[in-house]
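This briefing gathers points that may help when reading the sequence alongside the model. Please keep both in view while going through the topics below.

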Amino acid sequence: MTIDKDGNWTATGVGTTTITVTTSNGKTATVKVTVKSKQESSISGVIISHSTGLGLSEITLKLYTPDGKLVNEVITDMNGQYSFGELSKNDYYLVLSVPEGQEIFHSNTFGSDGVSGVYGIDGSNKLTDRNATLKSKDIPAIGITVEPKELNQVVGDTGKLAITFQPGSTTDKSLNFVSADSTVLTIDKDGNWTATGVGTTTITVTTSNGKTATVKVTVTAKEIPAESITVEPKELNQVVGDTGKLAITFQPGNTTDKSLNFVSADSKVMTIDKDGNWTATGVGTTTITVTTSNGKTATVKVTVKAKEIPAESITVEPKALNQVVGDTGKLAITFQPSNTTDKSLNFVSNDPSILTIDNNGNWIAMKEGTTVITVTTSNGKTAFVFVTVKAKDIPVESITVEPKELNQLVGDTGKLAITFQPSNATDKSLNFVSNDPSILTIDSNGNWTALKEGTTVITVTTSNGKTAFVFVTVKAKDIPAESITVEPKELNQFVGDTGKLAITFQPGNTTDKSLNFESRNPDILTIDSNGNWTAVKEGTTVITVTTSNGKTAFVFVTVKANGIPVESITVEPKELNQLVGDTGKLAITFQPSNATDKSLNFVSNDPSIMTIDSNGNWTAMKEGSTVITVTTSNGKLVTVLVTVKEVVKNGVHVLYEDYPVTTGYFDPKGNGYENTGFDHDFGALEPYRGLGPDHYRITKVGYIQIKEDGQYGFLIELKGNDAGYVGINDKQIINYDPKIGGNKDNPYQFFKKGDVIKVEIKHFHRDPSASAPFKLKWTTPSNPYSPKSIDVSEIMQTPN
């Protein structure tokens, strides 16, 4: 190592030495020196852009030893070049930091993660061309927006469509432009368009991945502007009341837009409408200016003089005065023509002691009687008002309504009769109100119509509050019997047997069910008016059953000599507690067991709940209760009490409600039972016809039978601006709305095994484009930490 007088040193060879520094008075200091051979090894390369082929600057690369120790960090220069120099002997690997939004397109050095392999450096070797090519990550177009969305042009217009990609970072922004009718409008590959002919067409713009947008196009003929206009006449000299229309000529005659604006400088002198129709309205002068749509003008000078217009007639309102003493008012006079110039009048009452009138038409009713008012114009035209003045109002003291009660059938009509006390009451106006218009309606004149079966009250009220009431009973309209069925259809009896015929009317709601029973040979079998029969002696006969409207049925009777009569019967089971759809057969035991006639009649009081055939086979039809009667041929009977319940079904009751933001209230659209749970997700679709994709509420109600004693927790899962509610046994436990806050969970509910709880959820969905999922999850004593949805198999539509 050499060193000059100023302390500048140069390492000249490999080895060790010492530098001694000495002051002028002999003070010294030393520097130990070690010089090693120069390290010539390096690693270099270039980072290039795939799209431009140019180097990328500011790209970071790091050099590591295999044990993960960072040796150096560099960034690429403006040409994309980098270099790690003066590397000592060792193994190294490189890490390329790929910028966000980029990825390695090609490299002989770096993997897709930006990490190279391990390179051995001996202190003298140089590794070059450790290169990489980067490209932007492909981002496909989700959609495109075209502006303008409509083109309304004239032939010869040109322009260019503006396209916006969603997302804005879409990498491939190539487009295809197509006009459905190039004779109307052409468009090139860059979106430049030219209107070529009159008509309509559609431009379709398509991205490289098939997303499209359209532009509606209308091309009209090129406009020909007005160069000037001529108005006829150029002057108007009129009198008040004159009317007319200006005539306009365009230059050139084929001007396309012939719309005009007409303005009178003084509308008190002359008015003019949008079509050039003018009316002289007052004395004076003015100017009418006519302007085209492109600003060309023409003017008309106007002079209007006064015109004497005499009254031809007058009309007085009212034409008759029916007043009470003390009333006041004013007559309204209309002149014909309305532009009569002299509108002075003279008012005279034939009897001022009954009614007075001043020179302005103001009148006062003075006393009871009749008179006439004469109204006269300045030129002698007259009109008359006939006057009746009565004593002051006599109030109603009470009213009487006939009838006081209405006992009607559905469809009946009529009118109430009202008597006023005193009879000379002056104001006899009334208000009629039915407490229940669904049963009986009544109009403002007291006309009523019976609509359906039931009871209600009509209230009749005078103008001064006096009331009367009519009590209404409406019964169903008579429904005649169409036919009857008699059970049994045959009687095979022994002498001494008794019994009763069972009659079924068709239809079941027949109103008159009176019957006539007749035995053709009462010596063999008698029958009374209630259908009770007695076998008298051996033989045959026929029973005829007749309705009040003549419908008949027959029972063929055979009576035999006495056998062993049935004393009683026993039925098993004595009660039937079944589910809808169940079937079975009644078991009958006769006492004595050797009774000779074991024929039976089975009747269900309500076959719509349970049917039973002639052999005792029954079927449960619907929920409800009824009685089955079993009768022997000699009238012994026994009954079976029947209860039928619906089969418990899994699922919930659902109510769908729309929420129009313009009205601010929920509008039900549909409801019913569904075999679903509390969870749902309708995406961006409407869940029920008429709801639309947003602003609706779904309410679900179901019942769950608790299987374990202990603590239960509930939580809801929603998205976006959706709100949710949960109630247990009609008590709110969760109420959450992102606009006002609230809770999404409630872990503190305690139930006992066997409890049946009512669960109600409400889901209010707001956003039209967002998905609309809703989930209700719960934790149970045996699963306290992992909330799960409630399976539909655990949910009942009804509580039992």
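In this predicted model, strand β63 (600–604) contributes five residues to the lining of the largest pocket, which is the largest share. That pocket holds about 620 Å³ of space, and of its 27 lining residues, A502, T504, F602, V603 and S604 are the closest to its centre. The points below continue from the pocket to the sheets, the nonpolar core, and the backbone and surface sites.

**The largest pocket**
- At least two lining residues come from each of β50 (483–487), β52 (498–500), β53 (502–506), β63, β64 and β66 (624–632).
- Strand β64 (610–612), one of these contributors, is also a member of an open three-stranded sheet, and strand β52, another contributor, belongs to an open sheet of three strands as well.

**Two open sheets of three strands**
- One sheet runs in the order β52-β56-β55 with antiparallel pairing; because β52 and β55 (525–527) each have a single partner strand and stand at the edges, one side of each has no neighbour in the sheet.
- Neighbouring strands in this sheet are turned against each other by 20° on average, with direction ignored.
- Within the sheet, β52 and β56 (532–535) run antiparallel and are joined by three bridges, and G499 is placed opposite W533 in β56.
- The other sheet has the order β61-β65-β64, and its pairing is likewise antiparallel; here β61 (583–585) and β64 are the edge strands, each with a single partner, so one side of each is left without a neighbour in the sheet.
- In the sheet of β61, β65 and β64, the twist from one strand to the next averages 20°.
- The antiparallel pairing of β64 with β65 (617–620) extends over three bridges, and I612 faces W618 of β65 from the opposite position.

**The largest nonpolar core**
- This core comprises 28 residues, of which F678, F714 and L776 touch the most other members.
- Two or more core residues are given by each of β68 (652–658), β71 (696–705), β72 (710–717), β73 (723–728), β74 (731–737), β77 (756–765) and β78 (773–780).
- Which residues is F678 in contact with, once its neighbours within four places in sequence are left aside? They are V652, K700, V701, G702, I704, V759, I761, F774, L776, I790 and I795, and L776 is itself among the core residues that touch the most other members.

**Cis peptide bonds before proline**
- The bond from Q166 to P167 is cis, with omega near 0°, and P167 sits in the loop that lies between β17 (162–166) and β18 (175–179).
- A cis bond, with omega near -5°, also leads from E317 to P318, and P318 belongs to the loop between β32 (313–317) and β33 (320–324).

**Positive phi at residues other than glycine**
- D129, although not a glycine, has a positive phi of about 60°; its place is in the loop between β12 (126–127) and β13 (132–136).
- Is D129 buried or partly exposed? At 46% relative accessibility, D129 counts as partly exposed, because that class lies between the limits of 20% and 50%.
- H695 is likewise not a glycine and has a positive phi of about 50°; H695 is located in the loop between β70 (680–681) and β71, the latter being one of the strands that give two or more residues to the nonpolar core.
- With a relative accessible area of 22%, H695 is partly exposed.

**Two partly exposed asparagines**
- N360 is found in the loop between β37 (355–357) and β38 (362–365), and with a relative accessible area of 46% it is partly exposed.
- Not counting residues up to four places away in sequence, N360 touches K330 and F347, while its C-alpha atom is separated by 9.8 Å from that of A332, a residue 28 places apart along the chain.
- N516 lies in strand β54 (515–519) and is partly exposed, at a relative accessible area of 44%.
- When residues up to four places away in sequence are not counted, N516 touches T544, V545 and T546.
- N516 and Y712 are 196 residues apart along the chain, and their C-alpha atoms are separated by 68 Å.

How values were computed:
Residues numbered from 1 in each chain as written. Predicted model: local features only at pLDDT ≥ 70, side-chain atom pairs only at ≥ 80, totals over all residues. Heavy atoms only, no water. Core = buried A, V, L, I, M, F, W, Y, C linked by side-chain atoms within 4.5 Å. Buried < 20%, exposed > 50% of the residue type's maximum accessible area, 1.4 Å probe, protein only. Helix = DSSP H or I, 4+ residues; strand = E, 2+ residues; numbered from the N terminus. Contact = heavy atoms within 4.5 Å. Pairing = 2+ DSSP bridges. Axes fitted to C-alpha atoms, helices over the stretch in contact; angles between N-to-C directions. 1 Å grid on protein atoms, 1.4 Å probe; cavity = no way out; pocket = protein on both sides within 12 Å on 5 of 7 lines; lining within 4 Å. Points joined across faces, edges and corners; volume = space filled by probe spheres on them.
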